[in-house]
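Biologist: I would like a close look at a single part of this protein, the nonpolar core and the helices that pack around it. Could you take me through that part step by step?

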Amino acid sequence: MKLLLIEDNPTMQTTLQRTFERRGMQVLTCGDGARALALWQASLPDAVLLDLSLPGRDGLQVLGDARAAGLTTPVIILTARGTVGDRIIGLNTGADDYLPKPFDLDELEARLRALVRRSASASEAGNGPTGRTAVWCGMQLDKDNGAVYFEGQPLELAPRELALLRAVLQKPGHAIAKERLTELVFPGESQVQPEAIEVVAYRLRKKIAHTGAQLVTLRGLGYLLKATT
């Protein structure tokens, strides 16, 4: 199992990393909310343990961005925010489970393994061997690895082009603000020039032209994915 641990407390991070590595897991760590989404997209873990109080970007924002970008990785929130209201917000944002601090390590491992088993079972029950779901114009978003396929073949896209396509595939036919897409395509990069997303959109537009889908620029609103036929 590949585990992504997003936790800024050095002691907690070290304890969890050593514990789960001793139990046979591969553990990647991140202590900065601004970098978390990029690492999540690059590593494609089997599960994520997510703290909410992070520097750079709050854990709930990281989770919301991940779900908007099409990442369906099972997530357990670990946090000192233990009120019912906080739990509801976390679950509504896209978390699969919620464990308040302090917690028992054996209980955390049991919940983690159960969550990954359920996720694997759901994928096996989906459409095809990896649970791919048809989304738009013959394109399929593989929820396991974040790749996008067209007529069964993976689209060859750069990471930022893929992030943009995943985002607009979530709401085909609906405009998504340019600012929001910039956050998803350039996570944690505060010095991005406004035209940077336009460059990514231009490249993506050419690479999906053969699919029957068109990425449309809506002046003042953002971008929209629509069918050309």
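Modeller: Before any counting, it helps to know that helices and strands are DSSP runs, at least four residues long for helices and at least two for strands, and that they are numbered from the N terminus. On that basis the protein, which is a predicted model, has eight helices and 11 strands. Of its 229 residues, 45% count as buried, and among contacts between residues at least 6 apart in sequence, 56% join residues at least 24 apart.

Now to the part you asked about. In soluble globular proteins, nonpolar side chains tend to be buried together. Here the largest nonpolar core has 28 residues, and those with the most contacts inside it are Met-139, Val-148, Leu-155, Leu-164, Leu-165, Val-168 and Leu-181. At least two residues of this core come from each of the strands β7 (139–141), β8 (148–150), β10 (213–218) and β11 (222–227), and likewise from each of the helices α6 (159–169), α7 (178–185) and α8 (196–207). The element that gives the most to this core is α6, with seven residues.

Val-148 offers a view from inside: leaving aside its neighbours within four places in sequence, Val-148 is in contact with Met-139, Gln-140, Leu-141, Gln-153, Pro-154, Leu-155, Leu-162, Leu-165, Arg-166 and Leu-169. Apart from this core lies another, of 19 residues, which includes Ala-36, Leu-63, Ile-77 and Ala-95.

The helices can be taken in pairs. Two packed helices are described by the angle between their axes and the distance between the axes. For α6 and α7, the axes lie 9 Å apart and the angle is about 130 degrees, and α6 and α7 are therefore oblique to each other. Their crossing is right-handed, and the contact is made by Arg-160, Ala-163, Leu-164, Ala-167 and Val-168 on the α6 side, with Leu-181, Leu-184 and Val-185 on the α7 side.

In the next pair, the axes of α7 and α8 come within 10 Å and cross at roughly 80 degrees, so that α7 and α8 are roughly perpendicular to each other. Here α7 makes the contact through Lys-178, Leu-181, Thr-182 and Val-185, while α8 does so through Ile-197, Glu-198 and Val-200. If you follow Leu-181 through the structure, you will find this residue in the contact between α6 and α7, in the contact between α7 and α8, and among the residues with the most contacts inside the largest nonpolar core.

Note on methods. Residues are numbered from 1 along each chain as its sequence is written. This is a predicted model: local features need pLDDT of at least 70, side-chain atom pairs count only at pLDDT 80 or more; totals for chains, interfaces and linings use all residues. Side-chain values use heavy atoms; hydrogens and water are left out. Buried means under 20% relative accessible area, exposed over 50%, partly exposed in between (1.4 Å probe, protein chains only). Contact means heavy atoms within 4.5 Å. A nonpolar core is a set of buried Ala, Val, Leu, Ile, Met, Phe, Trp, Tyr and Cys residues joined through side-chain atoms within 4.5 Å. Axes are lines fitted to C-alpha atoms, for helices over the stretch in contact, and angles run from 0 to 180 degrees between N-to-C directions. Angles under 35 degrees count as roughly parallel, over 145 as roughly antiparallel, 65 to 115 as roughly perpendicular and the rest as oblique. A crossing is left-handed if the near helix is turned anticlockwise from the far one by less than a right angle, and right-handed if clockwise.
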